[in-house]
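Open the model in your viewer and keep the sequence panel in sight. The tour moves from stop to stop, with a selection to make at each.

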Amino acid sequence: MKTPKYKAAAPIEMPDRQWPARTLAVSPAWCSVDLRDGNQALPNPMDPGQKLEYFQMLCRIGFKEIEAGFPSASQDDFDFFRRLIDGKHIPDDVFIMGLTQCRPHLIDRTFEAFKGVKKGIVHAYIATSDLHMKQVFGTDQKGTLRAAVESTRRIRALADTMPESDIRYEFSPEEFTDTDQSFCLEMCKAVYAAWGKATPEKPMILNLPATVERRPPNHYADMIEWFINNFPHRDSVKISLHAHNDQGMAVAATELALLAGGDRVEGTLFGHGERTGNVDLVTVANNLFSRGIGTGLDFSRLSEIAATVERLTGMSVYYRQPYAGEYAFTAFSGSHQDAINKGLHRLGEADKVFGMKWKVPYLHVDPADLGRSFERMIRINSQSGKGGIAWVLEQDYGIQVPKTMQPELREEVQTYSEAVGREISSEEVHTVFREKFVNPAGPFKLIGYWPRPDDKDPTFIHGEVRVSINGVEKTAVADGNGPISAFVHAVRSVVGIDFSVADYHEQAVGKGADAQALAYVPLKLEGNGMVFGVGSDSNIDQAAVRAIIAGLNRIAGKHR
Ligand code: KIV
Ligand code: ZN
């Protein structure tokens, strides 16, 4: 029989697993590894100035634990530690963490980098999987365990030489999810004992990484729960999660492992990191935030954070990235736009109806909480619905297109969008509105309209209209029981189009002396449907007659 190329990892035998029935209620502690796991995976790693700017941004977001590098691995990382400490760039409540392998000279160098630090975490790791031990290092469980224990003793001894510093210890069995569970447990117990000073107040961190995502998220959760059930000193350790994203499920794996009892999450902003990256902390933290859990991380200016990360790392944030992506709060489909529009208008009822302040179709969080605005939320393309287009004009320009006019507007916007062959901005929608409805090209131009109330009955109007038709000036007079009807009678006699005016809408745009009236006037054609024109003027009657001329030009355009 042929040996298969791939084989699924064996599931974990745990009939009494508890995590599937749990709900997350509190936030884990967060540790950013952007400046180590993230930075080491950049095509162009950050220079010291860029790392400092990134570090300061992480502090502003609210990270209290930041892995600042691998100080024994490169002079640059070593110098960066010195710069952070000597330059007093580390806030008093922030721990900087430095990675080291379990090798004596690298541990010694790490402690040199940490000299004078107020709060530091020495993070030692060693690969514990058979794959690594056999194929990479030519060692075995005994040798690996010895190296981990001896290294931990050395770290303890060096930490004891720095009583003025709060030095904590993190240990990572690399490839935890590909490691024999019992061996990993035995190793972590031995390392815990070798550290020998973990307390509930100053816990040791056991970081259990999915170094490569080889298993589905439920396996990770099972392994974490199993480990926690079997590790004897639960009160004096923090169980830390460190998921990579090789199968695209790092966020799910982290969330399930939190249900399984994880206390702390290591990851990076937007998931930078080796290969497909580390778990994206922006997504995990905002997922919790969207369920009402305070995370202690401030992403209220997320676009600014994304722009800074893009500038410093040279890597762009994917446009469909949850929360931060350009399209994260953009609805393309017309029915979605319409639903969002309705939901936002009825947001005030959400508390009463759903018992929560935010419940809007297609938007699981309020973009404003992330510093993102509604204005650019809806983009228009040829699939957009009439409701969405009207919403854009209302939100961005205060223009309230009447419902009966919306299908006609949609047709014009769709024609434009198809002609340019792409999605269009709200500015372009506004241009279509102005060019097609307010100032459409056509043969008719209003020179002036002078309505005069009758001497005896001021509600009765005598109107004089002067229009240019294809450049030829014409004058017409007529009467009516209002300025608009007088205008219609007069203009109908010279334009050669049989139309009447149905109910029309008016709206004021702007305030005070600068206020403009907008009139949306439907012109009914004998047996030929209805065409809208829009007029704008400081005087409402003049706005309405301009709208009629605009409508007549649209009719002439359609029949040309
Ligand atoms: O992915 C990993 O296993 C690591 C370790 C160094 C914790 O980055
Ligand atoms: Zn990693």
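The stops below cover a metal site and a ligand site in this predicted model.

**Stop 1: the zinc ion.** Select ligand 2, the zinc ion. Which residues coordinate it? Show Asp 37, His 242 and His 244 as sticks. Asp 37 donates through OD, and both His 242 and His 244 through NE2, at 2.1 Å. Now find these donors in the sequence panel: their spacing reads D-x204-H-x1-H. Asp 37 and His 244 thus link distant parts of the chain, 207 residues apart.

**Stop 2: the two ends of that link.** Select residues 34–40, helix α1, which holds Asp 37. Then go to the loop between β7 (237–243) and α9 (250–259), where His 244 sits. Buried or exposed, Asp 37 and His 244? Both are buried.

**Stop 3: ligand 1.** Select ligand 1 and display its surroundings: Arg 36, Asp 37, His 123, Tyr 125, Ser 172, Glu 174, Asn 207, Pro 209, Thr 211, His 242 and His 244. The zinc donors Asp 37, His 242 and His 244 are included in this shell. Colour the shell by class: two residues are nonpolar, six polar and three charged. Next, highlight α1, β4 (119–127), β5 (166–174) and β6 (204–210); each supplies at least two shell residues.

**Stop 4: polar contacts.** Draw distances from the oxygen atoms of ligand 1 to side-chain N or O atoms. Thr 211 gives 2.6 Å. Arg 36 gives 3.0 Å. A polar side-chain atom of His 244 is also at 3.0 Å from a ligand 1 oxygen. Finish with a surface: the protein covers 95% of the 260 Å² of accessible area that ligand 1 has on its own.

Definitions and conventions:
Residues numbered from 1 in each chain as written. Chains lettered and ligands numbered in written order. Predicted model: local features only at pLDDT ≥ 70, side-chain atom pairs only at ≥ 80, totals over all residues. Heavy atoms only, no water. Donors = N, O, S within 2.8 Å, 3.2 Å for Na, K, Ca; no water. Helix = DSSP H or I, 4+ residues; strand = E, 2+ residues; numbered from the N terminus. Buried < 20%, exposed > 50% of the residue type's maximum accessible area, 1.4 Å probe, protein only. Near = heavy atom within 4 Å. Polar contact = N/O pair within 3.5 Å; in protein donor to acceptor, adjacent residues only side chain to side chain. Areas by Shrake-Rupley, 256 points an atom, 1.4 Å probe, with all protein chains shown as cover. Nonpolar A, V, L, I, M, F, W, Y, C, P; charged D, E, K, R; others polar.
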